[in-house]
Amino acid sequence: MSAALLASSTVIWLLFEWIGYHLIPFICHFLILTLATLFLWSNLSFYVHKSPLNIPEIELPQDLCMTVALLLRDRCNQAISMLWEVVSGKDLQEVFDSLPSCMTPENQRVSIPCAANVLILTMPPLYEKHEDQVDSYALKAKARLKRLYSKLDEKVLQKLPKVPFISDNKQH
C-alpha cells in the first residue's frame with residue numbers, strides 16, 4: 001500500500017514538474033471551478049428544470065467545540081510549561097523523559113507540532129553552547145549533500161526526457 005502511494009505521488013510530482021504546473025495553484029483552481037459549478041447549478045437549476053442541489057446544513061454542537069478547545073488549551077499549556085523548563089535550563093533529564101508522552105499514537109495530530117515546538121525552543125540554547133562543533137558538522141554535511149546531489153543529477157535527473165513544449169525562457 002505504501003509503495004503504491006509513494007509510486008503514485010512520485011508519478012504525479014513528475015507530471016507536475018514536466019508540465020511546469022504547481023500543486024497549490026492546481027488545488028486552488030480546482031476548488032474555484034467546483035465552487036463556480038455549484039453556484040451556477042444552484043442558480044440555473046430553475047431554468048434547466050432540474051432540482052437544485054440539496055446541500056445539508058452542518059452545525060457543530062457547542063459542547064463538542066468547548067471540549068476540543070479545552071483539550072487543546074490543556075495540551076498547549078502542558079507543552080509550554082515543558083518547553084519553558086527546557087529553555088530556562090531546569091531539569092533537562094525530566095523533560096526528555098516526559099517527551100515521549102507527547103509522541104503517543106493517540107496524539108498523532110499533536111506530536112508533530114509538539115516536536116516542532118521542542119526543537120524550536122531547545123535548538124538555539126544548544127547551538128550557542130556547541131556552536132563550533134555544529135558549524136563544522138554542518139559544513140561537512142553540506143559538502144556531502146552537494147556530492148550526493150551531483151551524483152543524483154548526473155545519474156537520474158539528466159536522463160529524464162525534456163518535454164518539447166516547455167521553453168527555458170519564460171516570459172511574463
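**View 1. Helix 2 is the biggest giver to the nonpolar patch.** Helix 2 puts 6 residues into this surface patch, the most of any contributor. The model shown here is predicted. The full membership runs V11, L15, I19, Y21, L23, I24, F26, I27, F30 and L31, and together these residues have about 960 Å² of accessible area. Two elements supply two or more residues each: helix 1 (2–19) and helix 2.

**View 2. F26, one of the patch residues, sits in helix 2.** Zooming in on the patch, we pick out F26, which lies in helix 2. So how exposed is F26? Its relative accessible area is 40%, so F26 counts as partly exposed.

**View 3. Helix 2 has a kink centred on S42.** The bend there is about 40°. What about the overall span of helix 2? With 26 residues (23–48) at 1.5 Å a residue, helix 2 should span 38 Å, and its end C-alpha atoms are 35 Å apart, which agrees. Just past the helix, have a look at H49: this residue follows helix 2 and has a positive phi, near 60°.

**View 4. R73 and D74 pair up in a salt bridge.** The structure holds 1 salt bridge, and here are its partners: R73 and D74, whose closest N and O atoms are 3.4 Å apart. Are these two side chains' residues buried, exposed or something in between? R73 is partly exposed, with a relative accessible area of 48%. D74 is partly exposed too, at 42% relative accessibility.

Key. Residues are numbered from 1 along each chain as its sequence is written. This is a predicted model: local features need pLDDT of at least 70, side-chain atom pairs count only at pLDDT 80 or more; totals for chains, interfaces and linings use all residues. Side-chain values use heavy atoms; hydrogens and water are left out. A salt bridge is a side-chain nitrogen of Lys or Arg within 4 Å of a carboxyl oxygen of Asp or Glu. Buried means under 20% relative accessible area, exposed over 50%, partly exposed in between (1.4 Å probe, protein chains only). Helices (H or I, at least four residues) and strands (E, at least two) are DSSP runs, numbered from the N terminus. The expected span of a helix is 1.5 Å times one less than its number of residues. The bend at a residue is the angle between axes fitted to the seven residues ending there and the seven starting there. Patches are made of residues with over 30% relative accessible area and no salt bridge: like charges are joined within 9 Å, nonpolar side chains (Val, Leu, Ile, Met, Phe, Trp, Tyr) within 5 Å. Accessible areas come from the Shrake-Rupley method with a 1.4 Å probe; for residues, only the protein chains shown count as cover.
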